[in-house]
Amino acid sequence: MERVGDYMIFEEILSRLPAKVVCRFKCVSKQWCYELSTPKFVFIHARRVGNSIQKKLLSLKENSIVVDDIVAGNLEEDTSEIVTFPYDVEPSFLSIIGSFNGLILLCIKRSYNELVLWNPTTRRFKLISDDYFSRYFGRHNDTGGMYFDEHNDLKVLHINCYWDVVTARVYSRHNDSWRKLNFLNGTQLGSNFYSWSPGIYSDKKIYFMVSNYWIPPGERNIVVFDVISETFSILRFPEHMEVNPCQGHFLTISNKLHVIVVQYAGELIADLVKYEHDEWIKVFSFNRARIVHHMETQERTNIIQNNKWLITSIWGDTVEVVLCNDSFNYIQHVDNYNGPKGALFLETIVSPFD
């Protein structure tokens with residue numbers, strides 16, 4: 001062991017092991033516990049895990065929280081595991097805001113609302129909400145995302161829409177505090193007419209779908225948050241989304257931002273478009289899109305099951321598409337998606353604490 005050296009043991013060997021195995025190795029000695037908890041090791045381990053085709057899907061059911069194994073975008077049968085949330089609260093009172101590097105950001109919705117950072121793999125969690133969260137947290141009114149800054153400090157972005165005003169705040173894991181950010185001037189995106197999607201991280205930016213289905217009907221916006229400059233901007237929609245009614249659903253595939261576009265133009269149509277080099281590119285159209293009125297217990301959204309893909313609608317619908325060989329091979333490389341009741345995540349040892 002002495003001849004091998006600490007570098008080889010920790011950074012080249014142990015960093016390739018599953019997160020739960022790494023946690024067990026922390027019990028070997030105080031030195032190992034220290035080495036396996038350093039920011040450098042955690043970063044290396046998370047980077048290696050991020051290249052894996054194995055992921056987890058966390059789903060909030062009415063009375064339970066279920067975690068399934070996902071391999072190459074496919075749901076592995078008979079792998080469902082029920083996990084326990086660290087607070088005594090029914091899953092129906094939970095809403096997922098984001099998933100990032102193995103951490104899940106959730107809101108507990110009750111008389112007073114709380115924001116929780118949770119690593120379902122290590123079971124570590126941290127309550128990060130302050131007095132500001134005493135106001136009502138609505139599924140379409142509040143959203144957010146997570147990212148690391150240039151100093152490797154985990155940041156949590158929270159966006160609140162209240163009385164037609166958008167308030168953006170960011171939490172620092174290192175400082176354990178919140179601060180306010182400047183939002184876009186001259187917009188009405190804080191109105192109750194708008195629905196905000198959960199944020200999705202891609203290439204140092206967090207993207208939000210902001211849609212207005214009331215006045216004027218069909219207005220859609222993509223709000224972009226640059227994690228380096230911590231500024232907001234508006235990104236134009238792909239031309240495919242100019243038909244009404246129409247909706248978009250973010251996901252990342254091979255670390256590239258994609259949108260599943262579902263539109264009703266005489267018939268139900270579902271397309272996959274990719275954002276690359278500042279352009280929207282249509283990848284393909286899904287086959288035989290249809291609305292599913294009832295989901296079976298074993299069915300999950302935004303993963304592959306029996307060559308089919310279920311898309312969660314922000315209108316409350318669930319849309320099913322059939323995958324051909326090309327679409328199946330492409331979409332199995334999905335990296336991330338976030339929904340209020342489900343999210344993909346990686347098994348990492350990233351801690352909610354600094």
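**Close-up views of a predicted model**

**Figure 1. Lysine 126 is a buried residue.** Lysine 126 has a relative accessible area of 11%, and it counts as buried because this value is under 20%. The view comes from a predicted model. Strand β8, made of residues 124-127, holds lysine 126. Beyond its neighbours up to four places away in sequence, lysine 126 touches Leu115, Val116, Leu117, Tyr171, Arg173, Asp176, Pro352 and Phe353. With one of these, tyrosine 171, the contact is polar: side chain meets side chain at 2.9 Å. Another partner, proline 352, is 226 residues away along the chain, yet the two C-alpha atoms are separated by 5.9 Å.

**Figure 2. The whole protein chain, for orientation.** The protein chain has 354 residues, and 55% of them count as buried. Five helices and 28 strands make up its list of secondary structure elements. Along the principal axes, the C-alpha atoms fill a box of roughly 70 × 50 × 45 Å. The radius of gyration is 20 Å, which agrees with the value near 20 Å for a compact globule with 354 residues. Among contacts with a separation of 6 or more, 51% join residues 24 or more positions apart. The chain exposes about 17,100 Å², and carbon and sulfur atoms supply 50% of that area.

**Figure 3. The largest nonpolar core has 27 residues.** Leu105, Leu115, Leu117, Ile128 and Val156 have the most contacts inside this core. At least two core residues come from each of these elements: helices α1 (6-13), α2 (19-25) and α4 (39-50), and strands β5 (94-100), β6 (103-108), β7 (114-119) and β10 (154-162). Another core, of 25 residues, lies apart from it and includes Ile70, Ala270, Ile311 and Val321. In soluble globular proteins, nonpolar side chains tend to be buried together.

**Figure 4. Leucine 105 and serine 95 are in contact.** What surrounds leucine 105, leaving aside its neighbours within four places in sequence? The contacts of leucine 105 are Ser95, Ile96, Ile97, Gly98, Leu115, Val116, Leu117, Ile128, Gly145, Met146 and Val156. Serine 95 sits in strand β5. Is serine 95 buried or exposed? Serine 95 is buried, because its relative accessible area of 5% is under 20%. With neighbours within four places in sequence again left aside, serine 95 is in contact with Leu60, Leu105, Leu106, Cys107, Lys109 and Pro340.

**Figure 5. The span annotated as an F-box covers residues 10-34.** The annotation "domain: F-box" comes from an unreviewed UniProt entry. In the model, residues 10-34 are 64% helix and 0% strand. The C-alpha atoms at the two ends of this span lie 11 Å apart.

**Figure 6. Threonine 318 is buried in strand β25.** Strand β25 consists of residues 318-322. The relative accessible area of threonine 318 is 11%. Not counting residues up to four places away in sequence, threonine 318 touches Arg290, Ile291, Val292, Met295, Leu310 and Ile311. Of these, Ile311 is among the residues of the 25-residue core.

**Figure 7. Asparagine 255 and asparagine 307 each have a positive phi.** Most residues other than glycine have a negative phi. Where is asparagine 255 placed? Asparagine 255 is in the loop between β18 (246-253) and β19 (256-264), and its phi is near 65°. Asparagine 255 is exposed, because its relative accessible area of 59% is over 50%. Asparagine 307 lies in the loop between β23 (304-305) and β24 (308-312), and its phi is near 60°. With a relative accessible area of 43%, asparagine 307 is partly exposed.

**Figure 8. Asparagine 338 is buried and in contact with serine 99.** Asparagine 338 belongs to strand β27, residues 338-339. Its relative accessible area is 6%. Which residues are in contact with asparagine 338, leaving aside its neighbours within four places in sequence? They are Gly98, Ser99, Pro198, Gly199, Ile200, His249 and Ala343. Serine 99 is 239 residues from asparagine 338 along the chain, and their C-alpha atoms are separated by 6.6 Å.

Conventions
Residues are numbered from 1 along each chain as its sequence is written. This is a predicted model: local features need pLDDT of at least 70, side-chain atom pairs count only at pLDDT 80 or more; totals for chains, interfaces and linings use all residues. Side-chain values use heavy atoms; hydrogens and water are left out. Helices (H or I, at least four residues) and strands (E, at least two) are DSSP runs, numbered from the N terminus. Buried means under 20% relative accessible area, exposed over 50%, partly exposed in between (1.4 Å probe, protein chains only). Contact means heavy atoms within 4.5 Å. A polar contact is a pair of N or O atoms within 3.5 Å; within protein, one must be able to donate a hydrogen and the other to accept it, and residues adjacent in sequence count only if both atoms are side-chain atoms. A nonpolar core is a set of buried Ala, Val, Leu, Ile, Met, Phe, Trp, Tyr and Cys residues joined through side-chain atoms within 4.5 Å. The radius of gyration is taken over C-alpha atoms; the globule rule is 2.2 Å times the number of residues to the power 0.38. Accessible areas come from the Shrake-Rupley method with a 1.4 Å probe; for residues, only the protein chains shown count as cover. UniProt positions are given in the numbering used here, feature names are shortened, and annotations may be inferred rather than shown by experiment.
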